[in-house]
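Me: Please take a close look at one part of the structure shown below. I should like a connected account of its surroundings, followed outward from there.

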Amino acid sequence: MYQAPRGTIDILPDEQNYWRYVEQKAAGVCRLYGYQRIDTPAFEETGLFTRSVGQGTDIVEKEMYTFKDKGDNLITLRPEGTAPVCRAYLEHGMSNLPQPVKLFYFADIFRYERPQAGRLRQHHQFGCEAIGESDPSLDAEVIDMAWRFFASLGLRNLSLVLNSIGCRQCRPDYIRTLKDYYVKHAPELCPDCSTRLERNTLRLLDCKKPSCQKIADAAPRSADHLCPDCAAHFAGLQKYLQTLAIPYAINHRLVRGLDYYTRTVFEIQPEDAGGQSTIGGGGRYDDLIEELGGRPTPAIGFATGIERIILNLKKQSIAVPPLPIPRVYIACLGEAAREAGIRLGADLRKAGTGVIVAAGSRSLKAQLRQANSLAAQFAVILGEEEVRAGTAAVRNMATSEQQAVSLGELLSVILNEQGD
RNA sequence: GUGAGUGUAGCCCAGCCGGUCUAAGGCGCCAGGUUGUGGCCCUGGAGAGCGUGGGUUCAAAUCCCACCACUCACCCCA
């Protein structure tokens with residue numbers, strides 16, 4: 001027997017209402033903020049990701065699904081959503097549109113990771129990007145949008161953590177300062193951190209080991225080493241978040257795993273944080289468009305993990321509306337009745353009503369049993385008697401009331417009945 | 001990539017100091033209990049040879065090994 005590849009899941013019919021719910025809420029929020037949908041390919045030229053996400057990152061170093069296709073092109077299944085959107089922005093000359101350009105997407109994301117709950121090799125993200133504006137009010141708006149999205153889903157007890165990691169003017173100085181500090185503590189660092197010291201100094205702050213955390217807590221803070229522009233930007237963002245009454249906590253150890261981030265970085269997570277807790281995160285990437293060959297263009301965005309959102313919807317027992325199902329079940333006894341049933345089903349569907357026409361030749365009892373378990377509101381019973389009389393028995397499944405209706409009236413009777 | 005736990009029918013699971021296990025039960029599914037009628041109830045039926053592959057043994061779902069998958073933690077992030 002085959003099974004789904006490791007770290008992938010089938011999203012079965014029973015789960016689909018969660019997915020539709022999340023998508024619908026996301027689209028609703030995007031409409032509120034003027035974001036338009038974009039869909040990009042599931043794979044891109046590998047260089048797009050190594051260039052943007054960064055050579056030293058875990059994603060590029062060990063998590064990408066990369067292969068050569070039959071035309072000898074180096075291809076990578078997208079491990080994140082921002083770079084493809086930026087590529088599309090450039091490729092289609094969106095810098096000629098009114099700025100900022102506001103885009104959202106639903107995308108499947110591929111990373112070769114060790115799977116566990118809330119962490120898959122193929123997962124789905126909803127994300128937004130606002131490209132072409134550096135004003136901190138846009139940062140606040142993007143965070144507000146993410147915040148409103150989670151609120152509209154009904155998720156409670158979320159926390160927003162925030163930081164600014166500076167820009168290419170001030171960050172090198174900061175990293176030098178940070179490195180000097182860490183070099184002094186080198187003997188106390190865990191093995192991972194010892195290698196990070198050279199390879200990716202910023203990520204030292206992110207280490208979860210208690211011993212390293214103590215060092216990180218006392219480390220120089222990026223927010224204290226911002227250049228005047230970045231400091232003003234960060235102050236502006238906080239002011240606007242206060243204007244929007246969005247609660248936040250600054251965590252100077254928050255750095256993100258992708259190299260393209262500048263200035264603002266943020267994450268949103270449930271307060272009862274478990275292992276894979278972050279349900280959304282994002283930040284500014286003011287240099288990325290330029291890095292990809294465009295003119296200097298500031299931008300900010302965020303992404304959310306749909307599987308993790310659904311995990312939390314379930315954890316918080318949030319009721320999600322069911323998907324619509326057919327209201328009418330047509331039971332047929334005999335060949336003449338079947339033909340009548342098929343015709344009736346076609347008419348009802350033409351009128352926009354969902355119908356299940358019983359197939360096969362099971363007993364009436366079995367057909368009604370099925371109507372019941374499919375939660376139909378009405379069963380229409382067609383047998384030889386009815387066909388002969390030119391009628392059908394319409395049974396209200398909730399009340400068990402049953403009446404004979406002439407075939408001519410049947411359509412209007414069913415369409416007018418509320419069911420319950 | 002590291003460490004630990006788990007793996008029996010579609011689902012939940014009993015059994016696991018080896019031997020009537022030709023593997024139990026519940027849910028679900030199918031059928032019957034009315035000659036054309038559901039949801040409750042009753043009866044019956046189908047459905048696994050015990051994650052996969054080896055090994056130990058007269059004998060393994062039950063012991064050992066490997067692999068695979070899932071879960072949890074690390075790591076990483078959504």
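Reply: Helix α11 (residues 306-315) is mostly covered, with 7 of its 10 residues buried. Residues are numbered from 1 along each chain as its sequence is written, while chains are lettered from A and ligands numbered from 1 in the order in which they are written. The model is predicted, and local features therefore need pLDDT of at least 70, side-chain atom pairs count only at pLDDT 80 or more, and totals for chains, interfaces and linings use all residues; side-chain values use heavy atoms, with hydrogens and water left out.

Two terms recur below. Helices (H or I, at least four residues) and strands (E, at least two) are DSSP runs numbered from the N terminus. Buried stands for under 20% relative accessible area, exposed for over 50%, and partly exposed for the range in between (1.4 Å probe, protein chains only).

In α11 the buried positions are Ile-306, Glu-307, Arg-308, Ile-309, Ile-310, Asn-312 and Leu-313. These residues pack against α1 (16-33), β5, β6, α5 (136-153), β9 (262-270) and β11 (299-305), where contact means heavy atoms within 4.5 Å. After the helix comes Ser-317, which has a positive phi near 50°. Lys-314 places its charged end over the ring of Tyr-18, 5.1 Å from the ring centre; such a placement requires NZ of Lys or CZ of Arg within 6 Å of the ring centre and within 35 degrees of the ring normal.

Several of the strands that α11 packs against, including β5, β6, β9 and β11, appear in an open sheet. This sheet has 8 strands with mixed pairing, in the order β1-β5-β6-β11-β10-β9-β7-β8. Its edge strands are β1 (36-37) and β8 (249-250), each of which pairs on one side only. Two strands are taken to pair if DSSP finds at least two bridges between them. Strand β7 (residues 158-164) runs antiparallel to β9 and is joined to it by 7 bridges; Ser-164, for example, has Thr-264 in β9 as its bridge partner.

Helix α5, another partner of α11, takes part in salt bridges. A salt bridge here is a side-chain nitrogen of Lys or Arg within 4 Å of a carboxyl oxygen of Asp or Glu, and 18 are counted by this rule. One of them joins the side chains of Asp-139 and Arg-284, at 2.6 Å from N to O. Because Asp-139 belongs to helix α5 and Arg-284 to strand β10 (residues 280-284), this pair ties together parts that are 145 residues apart in sequence. Both Asp-139 and Arg-284 are buried. A further salt bridge, at 3.8 Å from N to O, joins Asp-144 and Arg-148. These two residues are 4 apart in helix α5, so about one helical turn separates them. Asp-144 is buried at a relative accessible area of 9%, whereas Arg-148 is partly exposed at 39%.

Aromatic contacts form another layer of the description. Rings of Phe, Tyr and Trp (its six-membered ring) pair if their centres lie within 6.5 Å, and planes under 30 degrees apart count as stacked, over 60 as edge-to-face and the rest as tilted. The structure holds 10 aromatic pairs. One of these, Tyr-65 with Tyr-112, is edge-to-face, at 5.9 Å centre to centre with 70° between the planes. It links distant parts of the chain, 47 residues apart: Tyr-65 lies in the loop between α3 (58-63) and β3 (66-68), and Tyr-112 in the loop between β5 (101-110) and β6 (122-131). Tyr-65 is partly exposed at 26% relative accessibility, and Tyr-112 is partly exposed at 44%. Arg-121 lies over the face of Tyr-112, 3.9 Å from the ring centre. Elsewhere, ring pairs connect Phe-104, Phe-106, Phe-126, Phe-149, Phe-150 and Phe-302 into a cluster.

A view of the whole chain completes the account. Chain A is assigned domain 1 (13-170 + 226-315) and domain 2 (328-419), with bounds that come from an automatic or database domain assignment. The C-alpha centres of the two domains are 50 Å apart. Glu-385, in helix α14 (residues 384-389), is exposed at 59% relative accessibility. Its C-alpha atom and that of Phe-149 are separated by 56 Å, with their positions 236 residues apart along the chain.
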